[in-house]
Each structure stands twice: as structure tokens, then as C-alpha cells.
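Hi everyone, thanks for coming. I'd like to walk you through a structure today, so please have a look at the screen.

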Amino acid sequence: MADNTSDIKLNADSFKPVAANNVDEQEKISAPSLTFFQDAIRRLRKNKAAVFSFWLLAIIIFISIVSIWWTPSDPNAQHVAYANLPPKIANGNIPGFTGKANVGGNIVDKYAAAKVPKGTYYVLGTDYLGRDLFSRLMKGVALSLLIGLLATLFDLVIGVPYGIISGWKGGKTDTIMQRIIEIISSIPNLVVVILMLLLFTPGLGSIVVAMGITGWITMARLVRAETLTLKTQEYILAAQTLGESPFRIALKHLIPNLSSTIIIQTMFSIPTAIFFEAFLSFIGIGIPAPNASLGTLLSDGQKTFRFLPYQMWYPAAVISIIMIAFNLLADGLRDAFDPKTQE
Amino acid sequence: MQNNPQPNERKKLIEVKHLKQYFNAGRRNEVKAIDDISFDIYEGETFGLVGESGSGKSTTGRSIIRLYNPTSGEIKFNGTDISKIKHKDMLQFRREMQMIFQDPYASLNPRMKVKDIIAEGLDIHHLVKTDEERDARVNELLDLVGLSHDHATRYPHEFSGGQRQRIGIARALAVEPRFIIADEPISALDVSIQAQVVNLLRDIQKEQNLTYLFIAHDLSMVKYISDRIAVMHNGRLMELSTANEVYNHPLHPYTKSLLSAVPLPDPFYERNRHRKNYDNSIENDGQIRSLQEIVPGHFVLATEEEVAGYQAAAEEYNLGD
């Protein structure tokens, strides 16, 4: 080592200026320019659970959209002769989908017993009225997702503007708006829905109205709190001194900076809404017969759960998967949008 | 530039008269951020406003630019009372007066590209018609503040504090203002960058004939850039004079105390430097004080009786010179 260093002769020519006179060169930023969203998506991609949930939800949403136009068979058509058939796929070679059931200790081919024509089979079996459960499940998931979509709509259309106005105006306006929110949120959801039944027939309408009254409150509160901190930020003051109108400030400065809060809260409120609907349908004040929803499927299934468990297993599995997927994706989005809270 | 003997002959751009700014007025948690201050800023000068944290410097700036509505008093800009500006003329007022903010990390919207931040004023006031014109103007402003053109498509988090502050300056300059309030523009920057930004502000002032209200708590930096300095404490003006007078011939004990706290990179001086404590009981004795002219152009907050004492002190300085 020592020998090597003594060999090196340094003089002025050994050094080369590194773009000393070129300010542009010095101040150049070599990293690629990423927008905030590109950066968030890059972080989201690293979260395997969130990515898996995203694709799972994408598939579920795709199937639900298909169900609007096509289901394997009419979900509400009754074939009393084919009631309570177990799941069967094609020839019945796949375990669990054989079309056979245990009746009094004997394995019986229920399809043969019911004289179902060859080539006709029900992937997830049929219910007590002989309706195809797979088609009903498709419709049920579609309805649940529709509820989730409407919840998002209320969050965005009522919750976000309410929170922004309340936070931005401050003072008396804020006090009054927050008291209104507290009054609304002090009434339990279930009571609101039951009161709705006095005005509407049970169904999608009353659920939607109940959500419209109460569903956006968490969003409004979060957006207000965030707006309160944002409005004292100097870039908002700068926009004011430049003469920007409050509406344009909300559009250009507040909403982009609120977007992570909004997206994350939306992702959490969708499963809440889905579960709310399932719960109402389960106790019988939600979606009325004969229409299928995850709640009614679970409610029907649990009546015969001891003898025909498949009627409840599949809807229960699907609702669990949807809930977990939404929550994992929401967690992933929160970490992606707010890297400071991680680690 | 400094020590203009007859400032009264110059045009007054800003006139602040008996400005009071109370927060939560009339309630238990009332804060008198500004308590009856009056001063004028002449066209083309740099008016320095110094004082400790919480003395009301920033509030004064924000009241002048009408981010707050004053509790009482009058602020005139170019002869018109700014509280009486109607909605239509408000936009024009917003163009003529601009502000540079303290925190370069909070003053730029993290979700906007640099060119959109700089062009915000251009868009609001419809100063450019086409996108090409907009880009050209943004590049011009980037040149002015010494940033390179390919910074325009970047986001604020990719820049250092000094670069961000220069972006903030470009944003303020975009609308071609006449008067700029610099609200502690350098206090968040490290010392090498401070000089860069202050020199940039001076160069731009010469180039565009701007008037500055320069708010800071660093007396040496304020002396460097300002023509006249006002010293503020507890929401009141303590002393107001030319930069040299305040720096070399301070009269009010608070100013003396403030000056005694300024460190110099000189070990011999530092070894003998004694921090003068300021006893604020002299302003809380219940007597009504107002700004009194002790020597021409040099005002001190005092009662009628105290004037003679200050005059004697000023006399001593003159003998010493």
C-alpha cells in the first residue's frame, strides 16, 4: 500500500474541473421526475398484499359487471323440483363438487334423485326454492359493490365539500356545521334505517337514504381536520395574496393535498357500507325477496347450515374475501400515500 | 442609498396609521398582536422591521397585504385605503403587492410542478394568453432568480431550501408587483444561502425599482439590506430611523439590548461583549407613550418628559462622532 501511494505524483494537471462554470450542469437533478401519484403507486407496488388485493378486487368487480347482463341461469327463477341440490361441476369428478350429499348416513347422488337432466348442473348448488346459488351470488356481490359505490358517492359529494367548507370558513359556520354532524352521528344507523321503513318500503332505497344521512360523516370530519391544518400553510396564503378565489384554492390546493385522505377513507368506507347492507339484509330489513344480496344469501344459508353447509359457506367466504381485500388495499394505500407513518 | 436627509419629500407608498390588530377581540384569550403602530414606507426604499419572536412583525406584514382585517386603524397603499378596496379593484391590488414567505418548505404546494407554482399569478391575472407564452415567461422568471429551465417540470420536494425560496421569489415577481413584503425570507436558510437570497432580492430591487418591507429578527442582515429600520416589541414600535442611526446610535433601551445580542466573528470583540438586559417595566408603567421625533428622522417611543433625556443621549453620540 505504502509503495503504491508514494508512486503517485500529483500536479495541477491531475485535476479536472467538474463543470465548474456550468451552473445548469451543477444544478441538474438527475432523478426521474415523479408526480406524487407515480411515487405513491411505486410504493404501493412493493406491498404484495395490497397488489394481490387489488387484482382480486379487479376480478370480483369484473365478474359483477358481467352479471348485469349475464348469469349462468336466472337468479330468481324457481325450480322447486331441483331444491337444495349440492354443488356440482361437469361430471362431478372434483371433490366437493360431486353433486352427492350425505343423507341419513348414505351418500346419495341428489342430482339423480331429483331427475336432473344430464348436462345440467349447478356450480354452487341450489337453495330451498331451487334457485341457482352461483347466479344469486354473482348478483349479490354486484349489489354489494353497488352499495359500496353509492357510499363512495356520498363520501365525495357530501362529505368532502362539507368538510372543506366547515374547515375553510371556520368560526361560527364551523361550529354550526360540526354541531349538525354531532346531532346526526348521535343517532344510531340502525334506528335511522328503521325510521326509514316508515317512509319507504324496505329495499335499496331505504338503505341508500340511510347511508346518505349518516355515511359521509367520518369523511367530513377527516377532511375538515385536514383542511384546518392546510389552510394555515403558507402556499395557501400565497395563493390568497395572488388573488385566487376560495373556490379555486379548494380545487387547486386543497383537494390535491387532501386526495390521500380522501382515497384512503373511501377505501375504508366501502367495506363498512357493504357490511352494513349485509347486516340489514340478514336481519330482514334490507333487500327484500326475491332479490339476492350477500346478506339475504347468508340469512337463507344459516337456516339450513347444519344440513346444507354449502349454502352459507360460499357467500360467507365471498363477503370475507371482499372485506379483507378492501381493508388490505386501504392499508397499502395509506402507507403508499403517507410514507411518514410507516417504519 | 442610506441616510436620506429629507425623506418627507419622497412619495409615500405605504402609510400605516394607528394600526391595531387584536385576535379574539373582547374575549378572555384576547391577543394584542399589534397595538397602535404608525409608519410610512417610501417608494423605492427597503423598510426593515425587526423584533423578537411574537413581537407582531409578521402580523404587521399580513395586515398590510390584507390577509387579516385590522381591528382598527388605517393602511393606505398608494393613497387608497386598502380596507375600502372593492372586489373589482382587489385583483389589481393583489397584483401590486406581493409576499415572500418564511418557510420555504411550507410555502410551495407539494402537489404542483414548479412551473405551475410560478405561473399561478399569471393564470389568475390572465397575464399570458397561450401556453408557449406562459412557458416563456416562467423560463424568464427562472433565469431572473438563477434557476435552470429544466427545473420547471420538477416538484418542490426535489429542491433545497435556497432553491425553494428562489421559486417563491419567482412566484411573487411573476405578477410584476411594486411592493413586496418579505416575511423573514432568510431565517429558515443557512448562512451561506442567506447571503445568496438577500443579494438576489437587492439585485431585483435595483432592476425593477421595487419597494420592500423586510421582516427579520437578524439585525445585521436587516441593516445590510434596509434603508430604514423599525424596531418592534410587544406589538409596538420602539424606535424608527435610518439603518445607520438605529445600528450605530440606538436610543431606546430595547434597541440597545437587541444590538448587544448580535454576535460578530471577532474573538476580541466577542470576549468583551456584554449582553444588555432589557427591563420592560419601563414600558409598562402605565404612562401613555407615542413615537417622538428625537432628532430629525429618528423616532423613539417615549412620553413627552422622556424626550429630553433621549435628546441628550443623541447629543452625546454626535459629540462622540
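Let me start with a puzzle: which residue in β8(B) is the bridge partner of B:F47? It is B:L213.

Before I go on, some housekeeping. This is a predicted model, where local features need pLDDT of at least 70, side-chain atom pairs count only at pLDDT 80 or more, and totals for chains, interfaces and linings use all residues. Residues are numbered from 1 along each chain as its sequence is written, while chains are lettered from A and ligands numbered from 1 in the order in which they are written.

Back to our pair. B:F47 and B:L213 are bridge partners, and the strands concerned are β3 (residues 46-51) and β8 (residues 211-216) of chain B, parallel over five bridges. By strands I mean DSSP runs of E with at least two residues, and helices are runs of H or I with at least four, both numbered from the N terminus. Two strands pair if DSSP finds at least two bridges between them.

Now the whole sheet. In chain B, eight strands form an open sheet with mixed pairing, in the order β6-β7-β8-β3-β9-β10-β12-β11. At the edges, β6 (97-100) and β11 (290-295) of chain B each pair on one side only. From one strand to the next, the twist averages 20°. As a reminder, strands of a sheet pair through backbone hydrogen bonds, either parallel or antiparallel.

At the β11(B) edge, five bridges link β11(B) with β12 (residues 298-302) of chain B, and these two run antiparallel. There, B:V295 has B:H298 in β12(B) as its bridge partner. The hairpin leaves two residues between the strands, and B:G297 takes a positive phi near 85°.

At the β6(B) edge, helix α6 (residues 161-173) of chain B lies across β6 and β7 (179-183) of chain B, at about 175° to β6(B). That angle is between N-to-C directions, on a scale from 0 to 180 degrees, with axes fitted to C-alpha atoms, for helices over the stretch in contact. Contact here means that two residues have C-beta atoms, placed from the backbone, within 7 Å.

What does chain B bring to chain A? The contact takes 27 residues from chain B and 21 residues from chain A. On the chain B side, α2 (87-96), β6 and α4 (120-124) each give two or more residues. That side has twelve nonpolar, seven polar and eight charged residues. Here Ala, Val, Leu, Ile, Met, Phe, Trp, Tyr, Cys and Pro count as nonpolar, Asp, Glu, Lys and Arg as charged, and the others, Gly among them, as polar.

Over in chain A, A:A289 sits in the loop between α12 (246-282) and α13 (294-303). Is A:A289 buried or exposed? It counts as exposed because it has 10 C-beta neighbours inside 10 Å; the cut-offs are 12 or fewer for exposed, 20 or more for buried, and partly exposed in between, with C-beta atoms placed from the backbone.

Finally, how confident is the predictor? The model scores ipTM 0.85 and pTM 0.82. Chain B averages a pLDDT of 87, with 97% of the residues scoring at least 70; pLDDT is the predictor's confidence in each residue, from 0 to 100. Over residues 1-5 of chain B, though, pLDDT stays under 50. Where pLDDT is low, the predicted coordinates should not be read in detail. Thanks for listening!
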